[in-house]
Amino acid sequence: TAILTVFALFSFISFPLHVLGGLMAKNYASADFDAPTRTTKVAREIPTEVPWYRSRSFQVIIAGFLPFSAIYIELHYIFASMWGHQLYTLFGILFIAFALLVVVTSFITVALLYFQLAREDHHWWWATYINGGMTGLFIYAYSFYYYFHRSGMKGFLQGSFYFGYMSVCSFAFFLMLGSAAFQFSMIFVRYIYSRIKSD
């Protein structure tokens, strides 16, 4: 019966929504990207000599650590209620922590994007997405800490179940926060480049 339930969910919910989304994208999405300023066909050369604190690896660590530090305490209670025997009842605070996570992630990504554009690096699309999503990697790293030091779980079956679910949850956070950061960064780029007077 479980396989029939999954098949019914796919047939009656997932597949029609995929078709509806494809039709809406085909009919209502604009085909061309509307750049806020005039662009050239030849890309500018990106400077390679940058200080260590403006390197991509350092920015990725900062972009993941700062939003993670905003939700660290709340994450402990969520893990205790998901994998322990505690009840979580503060859903209003959870919503505030989630909103804070999205806002902090977006602001940190926009700040790092500004530094990237200031050093004349125009490859910002995937950089902002990865910067925004790095909190998901920190959540996955925290799941290792929780498993080995707080949970008391042992064995291959419990470990594979726990780390499998946490990898899916962390990847979902990566996708969600990366998308939010990219959307905020796109708004920021459109705003700053619409104010530039082009010749």
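Which residues does Asn131 touch, not counting residues up to four places away in sequence? I looked this up before anything else, and found Arg56, Gln59, Val60, Ala63, Thr109 and Leu112, where contact means heavy atoms within 4.5 Å.

**Ground rules.** I note that this is a predicted model, in which local features need pLDDT of at least 70 and side-chain atom pairs count only at pLDDT 80 or more, while totals for chains, interfaces and linings use all residues. Residues are numbered from 1 along each chain as its sequence is written, and side-chain values use heavy atoms, with hydrogens and water left out.

**Asn131 and helix 2.** I placed Asn131 in helix 4, taking helices as DSSP runs (H or I, at least four residues; strands are E, at least two) numbered from the N terminus. Asn131 counts as buried because its relative accessibility is 2%; for this I used under 20% relative accessible area as buried, over 50% as exposed and anything in between as partly exposed, with a 1.4 Å probe and protein chains only. Turning to helix 2, I listed its buried residues, which include Gln59, Val60 and Ala63, and further along Phe79, Ala80 and Trp83. I then checked what covers the buried residues of helix 2, and the cover includes helix 3 (91–118), helix 4 (125–151) and helix 5 (156–194).

**Helix 2 and helix 1, end to end.** Helix 2 (residues 56–83) has 28 residues, yet I found its end C-alpha atoms only 35 Å apart, short of the 40 Å that a straight helix would reach; the expected span is 1.5 Å times one less than the number of residues. I also recorded a bend of about 55° at Tyr72 in helix 2, the bend being the angle between axes fitted to the seven residues ending at a residue and the seven starting there. For helix 1 I noted 27 residues and a reach of 37 Å from first C-alpha to last, close to the expected 39 Å, although helix 1 does have a kink of about 35° centred on Phe10.

**The surface of helix 1.** I looked for surface patches and found a nonpolar one formed by Leu9, Phe12, Ile13, Leu17, Leu20, Met24 and Tyr28, with about 830 Å² of accessible area together. Patches are made of residues with over 30% relative accessible area and no salt bridge, like charges being joined within 9 Å and nonpolar side chains (Val, Leu, Ile, Met, Phe, Trp, Tyr) within 5 Å. The areas come from the Shrake-Rupley method with a 1.4 Å probe, and for residues only the protein chains shown count as cover. Phe12 lies in helix 1 (residues 2–28) and counts as exposed because its relative accessibility is 67%.

**Between helix 3 and helix 4.** I searched for salt bridges, meaning a side-chain nitrogen of Lys or Arg within 4 Å of a carboxyl oxygen of Asp or Glu, and the count came to one. The side chains of Arg119 and Asp121 form this salt bridge, at 3.3 Å from N to O. Arg119 is buried because its relative accessible area is 11%, and Asp121 is buried as well, because its relative accessibility is 10%. I then turned to Glu120, in the loop between helix 3 and helix 4, which has a positive phi of about 65° although it is not a glycine. Most residues other than glycine have a negative phi. Glu120 counts as partly exposed because its relative accessible area is 41%.

**Gln116.** What is Gln116 in contact with, leaving aside its neighbours within four places in sequence? I found Asp121, His123, Trp124 and Ala127. Gln116 is in helix 3 and counts as buried because its relative accessible area is 1%. From Gln116 to Asn131 I noted 12 Å, C-alpha to C-alpha, with their positions 15 residues apart in sequence.

**Ser143.** Is Ser143 buried or exposed? Ser143, in helix 4, counts as buried because its relative accessibility is 0%. Leaving aside neighbours within four places in sequence, I found Ser143 in contact with Phe79, Tyr162, Phe163 and Met166.
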